[in-house]
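Reader: Please take a close look at the unusual backbone geometry in this model, and set it in the context of how the chains and helices are arranged. A plain account will do.

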There are 2 protein chains.
Amino acid sequence: MDTARLDQARAALRRHGVDALLVGPSADLRYLVGYHALPLERLTLLVVPAEGDPLLIVPALEEPRARDSGADQLVTLTSFTETEDPVALVVEHLEAADATARLAVQDRLWTAFTLALQGAIPAAAWVPGSSIMRELRLVKSSQEIRALREVGAAIDAVHAQVPGLLRVGRTEAEVGRDISELILREHDEVNFVIVASGPNGASPHHETGGRRLEQGDAVVVDIGGTRAGYCSDMTRNYVVGEPPGGYAELHRVLEEAQDAAVAAVAPGVAAGVIDRVAREHIADAGYGEYFVHRTGHGIGVEEHEEPWIVEGNDLVLEPGMAFSVEPGIYVPDRYGARIEDIVVVTDDGVERLNLRPREVLVAG
Amino acid sequence: MDTARLDQARAALRRHGVDALLVGPSADLRYLVGYHALPLERLTLLVVPAEGDPLLIVPALEEPRARDSGADQLVTLTSFTETEDPVALVVEHLEAADATARLAVQDRLWTAFTLALQGAIPAAAWVPGSSIMRELRLVKSSQEIRALREVGAAIDAVHAQVPGLLRVGRTEAEVGRDISELILREHDEVNFVIVASGPNGASPHHETGGRRLEQGDAVVVDIGGTRAGYCSDMTRNYVVGEPPGGYAELHRVLEEAQDAAVAAVAPGVAAGVIDRVAREHIADAGYGEYFVHRTGHGIGVEEHEEPWIVEGNDLVLEPGMAFSVEPGIYVPDRYGARIEDIVVVTDDGVERLNLRPREVLVAG
């Protein structure tokens, strides 16, 4: 890792007239300096001034882990003991911390830390860190796209084994544990496993639980992990035996909607248009009221990041942006279905990073 | 679950002259209404006004999970769609959201949400949510102490099986995976597993890794999980074969220090005194420079919470407070040791919730 991303962050600060970026334990910290910090009640904070040198402040206890990450090769590292105040170290490093300061704080920093910083620099104006970081992270480098392609193939390989796990009488939780093990064979971490069977499929974020699979169940399987720092996220639908009444038709409409939305992806198209294409197709087929969420989200070092593929988002797609296209149809108390692939915008269109068949597969 | 804790929170708000408490996905949310919300880019927020009714705002996608939690039996639930603004719902519910408002925000709410709230209610004063919640959570009820006793016994049972896992040639990571499985037999979730062998033991937050155990290694094993909503956290030290030179003496000093610190726990004693007792004993034996962290932290629905057992903390202990007592001695490049038990303050002294032997055990 080198200082290129830090340099880009400082250039973005200057363009936006922001004096410094403050980054706690987060994907942004990993992205900028490669340090996977634990979120703790003791502050870890990377201070990146628009002018001047970055400083990484860590609790003394975490200093060995911080040095192991190699972050100290990129920025100056300093630590504080159990009775020292890290906020004072931040203020000291921020020469611009006066009445005119504009400071960006990483989106997920715990509010308790932000309130302490605001108390110590009361006259500053505060803006969300994503206003700076989004420019860096929205468009992926060719190296990042390669990492996303590899983790996409990894989750493809897991889905290939899912049909064999879905057998009548097994609980969602049992299936989920098996899937977690398969994810770990292809990834460094399991991010989430949703196995939503029968009527549970009608809840897009169903918590995998004790329901046992029955003959004729439709099952939504939405899974993801992290490999070499980049995330996968992929949904397919399976049926145990014969599909329930009306499900085959619903799934056909969903496939067409997902295909149409993916086909619409190209440089110069607004993100909201991709959502509209999927939504109109589903509405035209009479299922409009059952598509209750946005069509997708960006992905990279985080599972969910910009661009948001949502109605009204006029962000213009550029080559290198990567996101999910995942329309769903949810019929309360009966069943649900969602088809999700990660795609990346290319110079002249789109590349799918998940390649498994999208039709409903018979399991068991 | 009933509304008793919400009533206590509102009473605390009135005592502190704070108009409302805003609680995102967190242990506080579980504590108040039993809802284990996912931390998402879509806001989930419980609004608890000092006067008036609480309101739980969730993304439409999460509404089924929120209802499954039963939280809607305690508070009014409302949801917003992908194109609605949840911050507007917060402002609407806060009748006191004027220039005189004082608002408490849960400590771990993502800063991006807090900045959006601050932007929408610019004249309000903002205080950390812990200023309200600490009063509720610091002193455990008899039911909570029972839960901590049970999860303490659960992690005792895991440590009882650790010696059999520590064999020459196995990696820390292999041992860690076995320990995770044992934790899951006795808990609902694994919170963390630290296996720090040989020189790695000198880093208190060592990341369990690829180092293979060698004859004569000292090994620090610090592990914890969650069972029925309450956390365990316990550290013991093991040696593979004969202890390395000087280690037996160091460990004897540490045992005495931990015993002395636990014996000092009683109602009316300041938290900082417990730290001083452990620290002085270790310093008197000549190891002072090697005890680099505070002596302990509170525990309950979170692994780390108040009271902090740290130098200078003049918080007076009361019956029902629960925390770790975990002095450590870390000799760089050689080895480390830490002994950690959870204790609870009783009416006339202290009860240990971990009962395994504290001496160094020979493994392998």
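**Backbone outliers and their setting**

Author: At 73% relative accessibility, B:D333 counts as exposed in this predicted model. The cut-off for that label is a relative accessible area over 50%. The phi angle of B:D333 is near 70°, which is a positive value in a residue other than glycine. As to its place, B:D333 sits in the loop of chain B that runs between β14 (328-331) and β15 (335-338).

Chain A has a matching entry. A:D333 has a phi near 70°, again positive in a residue other than glycine. A:D333 belongs to the loop between β14 (328-331) and β15 (335-338) of chain A. With a relative accessible area of 72%, A:D333 is exposed. As background, most residues other than glycine have a negative phi, and most peptide bonds are trans.

The peptide bonds supply the other departure. In chain A, the bond from A:E306 to A:P307 is cis, with omega near 0°. A:P307 is part of strand β12 (residues 305-309) of chain A. In chain B, the bond from B:E306 to B:P307 is cis, with omega near 0°, and B:P307 is placed in strand β12 (residues 305-309) of chain B.

Next, the relation between the chains. A turn of 180° with a shift of 0.0 Å along the axis lays chain A on chain B with an RMSD of 0.0 Å. The two copies are therefore related as by a two-fold rotation axis. Of the interface residues of chain A, 100% are also interface residues in chain B, so the copies meet through the same surface.

Last, a helix pair within chain B. The axes of helix α9 (residues 247-264) of chain B and helix α10 (residues 271-284) of chain B come within 8 Å and cross at roughly 155°. Angles over 145 degrees count as roughly antiparallel, so α9(B) is roughly antiparallel to α10(B). The crossing of α9(B) and α10(B) is right-handed. On the α9(B) side, the contact is made by B:V253, B:L254, B:E256, B:A257, B:A260, B:A261 and B:A264. Their partners in α10(B) are B:I274, B:V277, B:A278, B:H281 and B:I282. The residues of this contact of α9(B) with α10(B) comprise ten nonpolar, one polar and one charged.

How values were computed. Residues are numbered from 1 along each chain as its sequence is written. Chains are lettered from A and ligands numbered from 1 in the order in which they are written. This is a predicted model: local features need pLDDT of at least 70, side-chain atom pairs count only at pLDDT 80 or more; totals for chains, interfaces and linings use all residues. Side-chain values use heavy atoms; hydrogens and water are left out. Helices (H or I, at least four residues) and strands (E, at least two) are DSSP runs, numbered from the N terminus. Buried means under 20% relative accessible area, exposed over 50%, partly exposed in between (1.4 Å probe, protein chains only). Copies are superposed by least squares on the C-alpha atoms of residues with pLDDT of at least 70 in both. Contact means heavy atoms within 4.5 Å. Axes are lines fitted to C-alpha atoms, for helices over the stretch in contact, and angles run from 0 to 180 degrees between N-to-C directions. Angles under 35 degrees count as roughly parallel, over 145 as roughly antiparallel, 65 to 115 as roughly perpendicular and the rest as oblique. A crossing is left-handed if the near helix is turned anticlockwise from the far one by less than a right angle, and right-handed if clockwise. Ala, Val, Leu, Ile, Met, Phe, Trp, Tyr, Cys and Pro count as nonpolar, Asp, Glu, Lys and Arg as charged, and the others, Gly among them, as polar.
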